[in-house]
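Q: I should like to learn how to read salt bridges and burial in a protein model. May we work through an example together?

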Amino acid sequence: MSIRVLIADDQDIIRAGLTTILNGQPGIEVVGQAADGLQAVDLARRLRPDVCLFDIRMPRMDGVEATRLLAGPDVTDPMAVVLITTFDTDEYITGALRAGARGFLLKDAGPELLVQAIHAAADGDALIAPSVTMRLLARFAESTPVRRRPLVVPLTEREEEVAVIVAQGLTNAEIAARLHISLSTVKFHISSLMDKIGARSRVQVVIWAYETRLVKL
């Protein structure tokens with residue numbers, strides 16, 4: 001089955017370009033377009049796409065708020081949202097990820113990275129533009145107080161190992177290759193890890209790993 005994508009951007013030419021790129025990929029189908037954040041939220045709730053691809057700066061409601069309404073911590077059935085923007089600022093990035101986004105890309109990222117981000121979000125992974133990843137994590141590490149509180153159920157040694165590797169940005173397949181385990185085993189460890197720390201996405205696992213200083217830059 002195809003990955004169903006909803007695109008939201010206030011510029012017609014950007015929406016058309018993203019639609020052309022994604023519809024040209026096997027296994028991806030653009031099922032809706034929105035010109036502002038309010039319309040994007042409404043369409044997402046009605047269409048239930050596999051992935052929402054939202055611009056950050058939109059009229060009536062920005063992409064961060066739209067993401068919070070569709071994928072935030074209070075949402076019972078969160079959707080996969082990837083945010084895309086021309087503005088490479090830490091405030092946008094951190095706001096997007098804390099709102100529940102599964103990916104963050106710059107508009108100059110190129111078609112290949114865009115398609116990777118869509119597939120990653122649909123698979124429960126996360127992809128952040130490489131040009132901002134390390135700076136973003138440094139900001140989290142420097143500005144967030146340590147929150148290593150006792151877990152109700154402690155992480156296993158393998159789960160801690162997986163958490164560290166997830167924080168390095170590796171995909172499930174890359175984790176499996178590094179640890180010499182099956183892909184299904186990787187998914188099992190990540191699912192267990194997320195349950196124990198209360199994370200709803202891989203991005204939140206990354207944030208948790210740096211907030212608790214499990215991983216240091």
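Q: With which residue does Asp-36 form a salt bridge?

A: A salt bridge is a side-chain nitrogen of Lys or Arg within 4 Å of a carboxyl oxygen of Asp or Glu. Here Asp-36 pairs with Arg-60, and their closest N and O atoms are 3.2 Å apart. The pair links distant parts of the chain, 24 residues apart: Asp-36 lies in the loop between β2 (28-34) and α2 (37-47), and Arg-60 in the loop between β3 (51-55) and α3 (63-71). Helices (H or I, at least four residues) and strands (E, at least two) are DSSP runs, numbered from the N terminus.

Q: On what basis should the model be read?

A: This is a predicted model, in which local features need pLDDT of at least 70 and side-chain atom pairs count only at pLDDT 80 or more, while totals for chains, interfaces and linings use all residues. Residues are numbered from 1 along each chain as its sequence is written, and side-chain values use heavy atoms, with hydrogens and water left out.

Q: Is Asp-36 buried or exposed?

A: Buried means under 20% relative accessible area, exposed over 50%, and partly exposed in between (1.4 Å probe, protein chains only). Asp-36, at 10%, is buried, whereas Arg-60, at 61%, is exposed.

Q: Which residues does the network with Lys-107 join?

A: Salt bridges that share partners join Asp-9, Asp-55 and Lys-107. Lys-107 has its closest N and O atoms 2.8 Å apart with Asp-9 and 3.6 Å apart with Asp-55. Asp-9 is buried at 0%, as is Asp-55 at 5%, while Lys-107 is partly exposed at 27%.
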